[in-house]
Amino acid sequence: MRYFFIVILVLIAAIGNAQVLKNLPKVGTGSSSTSKSDTSANKSAKDKALGFEHRDDKKDSITLTFKYLDSTRINRLDSSINDFDKYFPVPSSWQYLGNNGNAAYPLIYQPNLKPGWDAGFHAFDIYRFKLEDTRFYKTTKPFTQLGYQLASGKEQMIKVLHTQNPRPNWNFGFDYRLISAPGFFLTQNTNNKSYRVFSNYQGKRKRYAASFVLVGNTIKSSENGGIVNDSLLADPNKKKRYSIDVNLGNALNYEPNPFNATVYTGNIDKDVTFFLRQSYDIGKRDSIAINDSTTEYLFYPKLRAQYTFTYSNYNYLYKDVAADTSATGFYRVHYDTTLTTTGTYDTLMVQEKWSVLRNDFSLVQFPDTKNTNQFFLAGARLENIKARFYRPTGGETKSYYNIVLHGEYRNKTRNKLWDVLLKGEFYLNGLNSGDYNAYATIDRYLNKKLGDVRIFFNNVNRSPSFIYNSLSVFNFKNNTISKKENIISFGAEAHNQFINLGFKNHLITNFTYFSDYYHTAQYSKIINLLQLSTSKKIKISKRWNWYLDAVLQQVDGSAPVKVPLLFTRSRLAYEGTFYKNLNLSAGLEARYYTPYETYNYSPVMGQFMPQDTMKIKNLPDIAAFFDFRIKSFTAYIRAENLNTVSFANGFGFINNNFASPHYPTQGLMIRFGILWNFVN
């Protein structure tokens, strides 16, 4: 909570001095003012030295770029307005269990390619701020972005981004996001908070550099176990979905309240990560005289010593303060768990905590003095891992360690035609001894017309996540699964102005999974999963555009990996710029995937599991949208799930689709949101 107040105080200070830019072009293509005493030659030298861009516009603008952690690619903010995935935390290729903030899974399969320690809880990953997604910005002026979204069912979402460069060699900022959604069904409310504080600094002489990140998440998601009977959705007396009985939480008589963040039955996950990287370079010095009184120092590194410290803390908790203790209760039937009490209800709590401390030292060598995008990296990492398991008989603490060797070769050529990346890591000793990850990719830019092509290969040997270990309190009555999973993924991509094409093939050996609500299993056969994808913008007329995304997936039907054969997303949009400053995109969007035996969900374990008793046959998800941007202000309104309209027993949006067996999605959803950019 104290981090939240710090964020608010910084936000108030930023907004107090902010002015809405009168003419804000697409972020990253603007200019910044320069002193009249600077000559044109000095301006160009200064711009190149500082890494900023300028443009001879009459009005000031902002230039803002960013890099991701462990990436050399320079990116710019996207100001387009024709894709709702930019504003919503759950992409259209994912499916959540009926309410924003509930557990979610990808419709387009994504293997777990992370070797080493892993607790095994990923049902809420799509909502988390992650360390690897951190952006380190560089901006000519302080920049603030505010977002707010209001939706049916009292759902709300708040987003804040602020970043600034007090000096050209130092940037800091923060991200914050709040998701609060009471939901339409009983015991479905969510309250998710995520924050990220970041900073990067480079010394005046360009030798020393440091990066800092503090990122954390609090995920609160109530669990109802699904509705007791799907036929209740068509009951004319059950149009208010809170009147439909669910499997968990009925005894609480819960009422929707967006200001109540309490979870009585459900998952509460918390994590926080502190990251600090420092480096010092040895190489060749140089300088540029910008004017009579200013000199910009340049430095071309040859060797870099790099130290990275990371500390992460994780807390996983499932609780039910009114658990049914009867012989026909949910926990007895699905988990073979008997709660001993003299009353009708008891409290169930399952909890474990983890802390992981990592110390990493690496040496980086740059063979080309004037190309820092070509380098060799070699390093070693020590991981100290501690676990606290909370059992009815008392707490239990375990300590583990890992020793990891890793290396990387990167070469993005100076002509920007080739981009080669080779990297790998090997777990030499410790808890996950023998795990490894080998990754290779080659990217070739052809020309403006043909774009670029990319091929990649990835081989991961990983220990099963710790939830498959008998020591985990979330592992009920199962033996430890120790045989390592092996995943081979390879493919190719092509991106150009005409079409985007992709091909992926995943070969998975010893796939580990939950076979039902609490039993674990390991698949003995090799799983072969093929994915073909395409994305294209089709111009129908001057103002009308059709955006098409399609993915074809093929896997053995008996495998425990479940995917739809075909996933499609189409957007038919009327678009253009009107009255100079009004950018408009309005139309219809449809998402459809073919019927398949989708995953079931285990609320206590927080795991999705395969099932073969129910095939989900949904209608296409249809939405109407109206998005516009005027200078720095963006607004959007959507009417989602129009496909749920029904005239049976009167008019209503009650023909719900299903996310999983007994987990219906919402009816009609109206969303309204704004996104506003400020420049100080």
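Colleague: What makes the space of about 70 Å³ count as a cavity in this model?

Modeller: The model is a predicted one. In it, the second largest cavity holds about 70 Å³ of space. The count takes in cavities of 30 Å³ or more, and by this rule there are 7 of them. The word "cavity" is used because a 1.4 Å probe fits at these points but cannot get out.

Colleague: Which residues and elements line the second largest cavity?

Modeller: Its lining has 13 residues, and those nearest its centre are Phe121, Asn267, Asp269, Met605 and Gly606. Strands S11 and S12 are the elements that give two or more residues to this lining.

Colleague: How do you know the class of each residue in the lining of the second largest cavity?

Modeller: The division is 8 nonpolar, 3 polar and 2 charged residues. Among the residues nearest the centre, Phe121 and Met605 are therefore nonpolar, Asp269 is charged, and Asn267 and Gly606 are polar.

Colleague: What can be said of the largest cavity?

Modeller: It contains about 420 Å³ of space. There are 26 lining residues, with Tyr96, Arg591, Asp621, Glu640 and Asn641 nearest the centre. By class, this lining has 12 nonpolar, 7 polar and 7 charged residues. Strands S3 (94-96), S26 (582-593), S29 (621-630), S30 (633-640) and S35 (669-679) each supply at least two residues. S26 gives the most, with 4 residues.

Colleague: Why is the contact of Arg671 with Glu155 called a salt bridge?

Modeller: The closest N and O atoms of Arg671 and Glu155 are 2.6 Å apart. The cut-off is within 4 Å, between a side-chain nitrogen of Lys or Arg and a carboxyl oxygen of Asp or Glu, so the pair qualifies. Arg671 belongs to strand S35 and Glu155 to strand S7 (residues 155-167), so this salt bridge ties together parts that are 516 residues apart in sequence. The whole structure has 31 salt bridges. Side chains of opposite charge can pair when their charged atoms come close.

Colleague: Why are S2 and S5 called edge strands?

Modeller: The open sheet has 3 strands in the order S2-S1-S5, with antiparallel pairing. Strand S2 (75-76) and strand S5 (135-139) each pair on one side only, and they are the edge strands.

Colleague: How do you know that strands S1 and S2 pair?

Modeller: Strand S1 (residues 64-68) and S2 share 2 bridges in the antiparallel sense. The rule asks for at least two bridges, so the pair meets it. Thr65 stands opposite Arg76 in S2.

Colleague: What joins strand S19 to S18 and S20?

Modeller: Strand S18 (residues 451-462) and strand S19 (residues 485-495) run antiparallel and are joined by 11 bridges. Asn458 has Ser489 in S19 as its bridge partner. S19 and strand S20 (residues 500-509) are also antiparallel, with 10 bridges, and Glu493 stands opposite Gly502 in S20. Both bridge counts satisfy the rule of at least two, so each of these is a pair of strands. S19 and S20 form a hairpin, with 4 residues between them.

Colleague: What makes up the nonpolar patch on the surface?

Modeller: The patch is formed by Trp170, Tyr201, Tyr208, Tyr280, Ile282, Leu303, Tyr307, Phe361 and Leu363, with about 830 Å² of accessible area together. Strands S11 (265-291), S12 (294-324) and S13 (345-365) each give two or more residues to the patch. Ile282 is found in S11. To belong to a patch, a residue needs over 30% relative accessible area and no salt bridge, so Ile282 meets both conditions.

Key:
Residues are numbered from 1 along each chain as its sequence is written. This is a predicted model: local features need pLDDT of at least 70, side-chain atom pairs count only at pLDDT 80 or more; totals for chains, interfaces and linings use all residues. Side-chain values use heavy atoms; hydrogens and water are left out. Patches are made of residues with over 30% relative accessible area and no salt bridge: like charges are joined within 9 Å, nonpolar side chains (Val, Leu, Ile, Met, Phe, Trp, Tyr) within 5 Å. Accessible areas come from the Shrake-Rupley method with a 1.4 Å probe; for residues, only the protein chains shown count as cover. On a 1 Å grid over the protein atoms alone, a cavity is a set of points where a 1.4 Å probe fits but cannot get out, and a pocket is an open set with protein on both sides within 12 Å along at least five of seven lines; lining residues have an atom within 4 Å of a point. Grid points are joined across faces, edges and corners, and a volume is the space filled by probe spheres set on the points.
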